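The following explanation leads through the sheet of a predicted model and the elements that accompany it. Please view the sequence and structure alongside the text.

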Amino acid sequence: MLFDMDGTLVDSEKLWDVALRELAAEYGGVLSAAARMSMVGTNMADSMRILHEDLGQPHRDPLVSAAWIDVRILELFRTGLRWRPGALALLGAVRAAGVPTALVTSSTRPLVEVALDTLGRDSFDVVVCGDEVDATKPHPEPYLTAARLLGVPIARCVAIEDSPTGVASALAAGAAVLAVPAEVPIAPADGVHQLESLTGADLELLAALLGEPPA
């Protein structure tokens, strides 16, 4: 099992909303809804580029902006991280069944370390962070890396994602995909099963996505 983090397991996109809009205000502007939507699932460098362009300030240093966001989002993660509906129950069922499990996220390791206080450090056999791969989502490398580290063929893995960027990454890697849109709609696609939430999702469903009976 390959789990995305932001918007999939935890309701963190709202915290990113706060930090990004505060940074825009710091720069004397207002982040547009369209720009914010286009950031969902992207890495920090792309998000800062989108923010700067949206504010009409492409001259700004993305490293400076990213450092500001890093500090603020860590504060928000420590105080306001909440599970997405059904996510805790599904993760618990997967772990109880002994299924090899990875967290595959575009977030950086320092932020993920804070999130693991909520998610549980024993919840995953492998954690792949955005600053630990050469290419981030939508490139397939994060999911291919996770499958390799788990020792499981990617074709035998189910990836759970909430964003078009993440879905594209998992599909390109060759995983079966369960999409649970949070902030951004996901277009129907072959190989992608969609649910409104993870509430009620179970091992039987995950096995069915791989075309096999449940363990």
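Helix α8 lies across β4, β5 and β6, and runs at about 165 degrees to β5. The helix comprises residues 164-173 and, together with β4 and β5, makes a right-handed β-α-β unit. Within this unit, β4 and strand β5 (residues 176-179) run parallel and are joined by four bridges. One point of register is given by glutamate 161, which stands opposite alanine 179 in β5.

These strands belong to an open sheet of six strands, arranged in the order β3-β2-β1-β4-β5-β6 with parallel pairing. The edges are occupied by β3 (126-128) and β6 (192-194); each has a single partner strand, so one side of each is left without a neighbour in the sheet. In general, the strands of a sheet pair through backbone hydrogen bonds, either parallel or antiparallel.

At the β3 edge, strand β2 (residues 102-104) runs parallel to β3, and three bridges join the two. Here leucine 103 stands opposite valine 127 in β3.

Strand β4 also pairs with strand β1 (residues 2-3), in the parallel sense and over two bridges. Leucine 2 has alanine 159 in β4 as its bridge partner.

Are the faces of β4 covered or uncovered? Both faces of this strand, residues 158-161, are covered. Val158 and Ile160 are buried on one side, and Ala159 and Glu161 are buried on the other. Two of these residues have already appeared in the pairing: alanine 159 as the partner of leucine 2, and glutamate 161 opposite alanine 179.

Note on methods
Residues numbered from 1 in each chain as written. Predicted model: local features only at pLDDT ≥ 70, side-chain atom pairs only at ≥ 80, totals over all residues. Heavy atoms only, no water. Buried < 20%, exposed > 50% of the residue type's maximum accessible area, 1.4 Å probe, protein only. Pairing = 2+ DSSP bridges. Right-handed = clockwise from strand over helix to strand, strands pointing away. Contact = heavy atoms within 4.5 Å. Axes fitted to C-alpha atoms, helices over the stretch in contact; angles between N-to-C directions.
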